[in-house]
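The following paragraphs lead through a protein model and the ligand that accompanies it. Please keep the sequence and the structure in view while reading.

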Amino acid sequence: MRSLGDVCYAAVLLPFTPDLKVDEYAFRHYLRYFLGDPRFVARGGLCINPEAGEIFYLTRAEKRRVLEIAMEEVGGKVPVIAGTWALTTDEVVDTARDAKALGVDGIFVTPPGGAQDITSCWDADNYPEVWSDQIKAQDRAVDLPIITHPVSGSAAPFTPGLPVAATVAICKEIPNIVGWKMTYGYDGYRIVGKALRQLPRRVSVMAALASRFHEYRATDLFDGTLSGFWNYGMESMLDHLDAWDRRDIDAACAVWQGGLSQLHEYVADMGRLHVRYKVAAWLRGHIPNPFMRPPMPAPRQIEIDTIYGLLKAAGLSVIDQKETALGVRR
Ligand SMILES: N[C@@H](CC=O)C(=O)O
C-alpha cells in the first residue's frame, strides 16, 4: 500500500463558463480524462480545490460542490485530497470538515491569506505558529492525513516556499503531516528535501515544479508530486517517469529533451504559473476556455501562441490553431 504522500497528485484546474460560473459539465469531463488513463490511475491521485483550482476565489458552497462532483467521479479509483484554504481560520476548519464529510483521503493545507504580518512579511522561521496553529485547528477537527502547500514571504533559496527551520518545526509538531509539497527552486528544494529525509518519521518529498522532475528523479529526492503541470502534460510526464522507473535513462532523456523540459520551463514562470496551466490545458482541448475569476488576469496572446508551439514541439495533441485567438474573448 502506497503512503498517501507517495502518490503523484495532479493539482486539478477548475473550468468556468464564459460568465465565470463553475462549469460542472466540463469539470466532470476533465476529471474523466485523468481517470481514463490507466497509467495515471496506477500512480496518481487528484488534489481538488488547490491553488490551480482557484480556491482563493470560490465560496465555501462552491468548494463543497466541486469536491462532491470529484468524489462522485473518482469513486475510489485514486486517492483524493482537498484544499481547505479560506480567509478566516473558522472557515478553514469548516471547509476541512466539509471535506471529511465528503470522504476525502486527506486535506491539502495552505498558509493564511490577508495581512502582511501573515503573508508577504511573515517570518516563518521565527513565528511558525502563524500557520501551525491553523493546521492544528484543522487537525483537531478532522484528524486526517495532511499534505502541505508551503508558501511564505521567505528569502532565497526558499522563495516562494517555507524556509527549512519552519518546515522541520511544523513537521515535528504535527504528526499527521505525510507529505510536503516542494514549492521551491532547485537549491531550496535540495535543502528542504534533505531535511525532510532526516525527520524521525516519513514525510514524503512531493515535487511541484515539473521543470525539475528530471533532476529530482536523478537524485532520488522525489517520492510523489503535488503539481499543476499534470493539467497539460500528463502523457509525456508519464512516459518520462515510467522511463525513470525502468531506469531507462536514454528513454527518460529523450522525452525530457524532446520538448518536455522546454515546455515546462516556460510554464514555470512563478508570476504566471496558474495562468499558464489553464492556457495549456485549454490548448490541449481538456477544458473549453482559459478563463479565470478576477483578479486572476487574462492570458496574453503571446503566451497562448508560445505555449501552443511548445506543446506541439513536445508531441502533445492540441486544438486547432484557428480556435486559439477566439477562445480568450469573453
Ligand atoms: N500551486 C499549485 C500547484 C503547483 O504546481 C496548486 O496548489 O494548485
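Which residues are around the ligand? In this predicted model, they are Ala11, Pro50, Glu51, Ala52, Phe108, His149, Lys181, Ser227, Gly228, His274 and Tyr277. The ligand itself sits in the largest pocket.

Several polar contacts can be followed from the ligand to the protein. An oxygen atom of the ligand is placed 2.8 Å from a polar backbone atom of Gly228. For Lys181, the partner is a polar atom of the side chain, which lies 3.4 Å from an oxygen atom of the ligand. With His274, the contact involves a nitrogen atom of the ligand, 3.2 Å from an N or O atom in the side chain of that residue. Of the 250 Å² of accessible area that the ligand has on its own, the protein covers 96%.

His274 leads on to helix H11, since two of the residues around the ligand, His274 and Tyr277, are also among the buried residues of H11. This helix comprises residues 273–284. From its first C-alpha to its last, H11 reaches 17 Å, close to the 16 Å expected for its 12 residues at 1.5 Å a residue. Is H11 mostly covered or mostly exposed? It is mostly covered, with 12 of its 12 residues buried. The buried set includes residues with charged side chains, among them Arg276, Lys278 and Arg284, as well as Trp282 and Leu283. After the helix comes Gly285, whose phi is positive, near 90 degrees.

Beyond H11, the chain continues through a loop to helix H12 (301–313), and Pro297 lies in that loop. Pro297 has a relative accessible area of 34%, and therefore counts as partly exposed, as the class lies between the limits of 20% and 50%. The C-alpha atom of Pro297 is separated by 7.3 Å from that of Val275, although the two residues are 22 residues apart along the chain. Val275 is itself one of the buried residues of H11.

A further set of contacts involves Ala11, another of the residues around the ligand. The backbone oxygen of Ala11 lies 2.7 Å from a polar side-chain atom of Asn231. The side chain of Asn231 also has a polar atom 3.2 Å from the backbone nitrogen of Leu13. Asn231 belongs to helix H9, which spans residues 230–245. Why does Asn231 count as buried? Its relative accessibility is 0%, and buried means under 20%.

Notes. Residues are numbered from 1 along each chain as its sequence is written. This is a predicted model: local features need pLDDT of at least 70, side-chain atom pairs count only at pLDDT 80 or more; totals for chains, interfaces and linings use all residues. Side-chain values use heavy atoms; hydrogens and water are left out. Helices (H or I, at least four residues) and strands (E, at least two) are DSSP runs, numbered from the N terminus. The expected span of a helix is 1.5 Å times one less than its number of residues. Buried means under 20% relative accessible area, exposed over 50%, partly exposed in between (1.4 Å probe, protein chains only). A residue is near a molecule or strand if one of its heavy atoms lies within 4 Å of it. A polar contact is a pair of N or O atoms within 3.5 Å; within protein, one must be able to donate a hydrogen and the other to accept it, and residues adjacent in sequence count only if both atoms are side-chain atoms. Accessible areas come from the Shrake-Rupley method with a 1.4 Å probe; for residues, only the protein chains shown count as cover. On a 1 Å grid over the protein atoms alone, a cavity is a set of points where a 1.4 Å probe fits but cannot get out, and a pocket is an open set with protein on both sides within 12 Å along at least five of seven lines; lining residues have an atom within 4 Å of a point. A molecule sits in a cavity or pocket if more than half of its atoms lie within 2 Å of its grid points.
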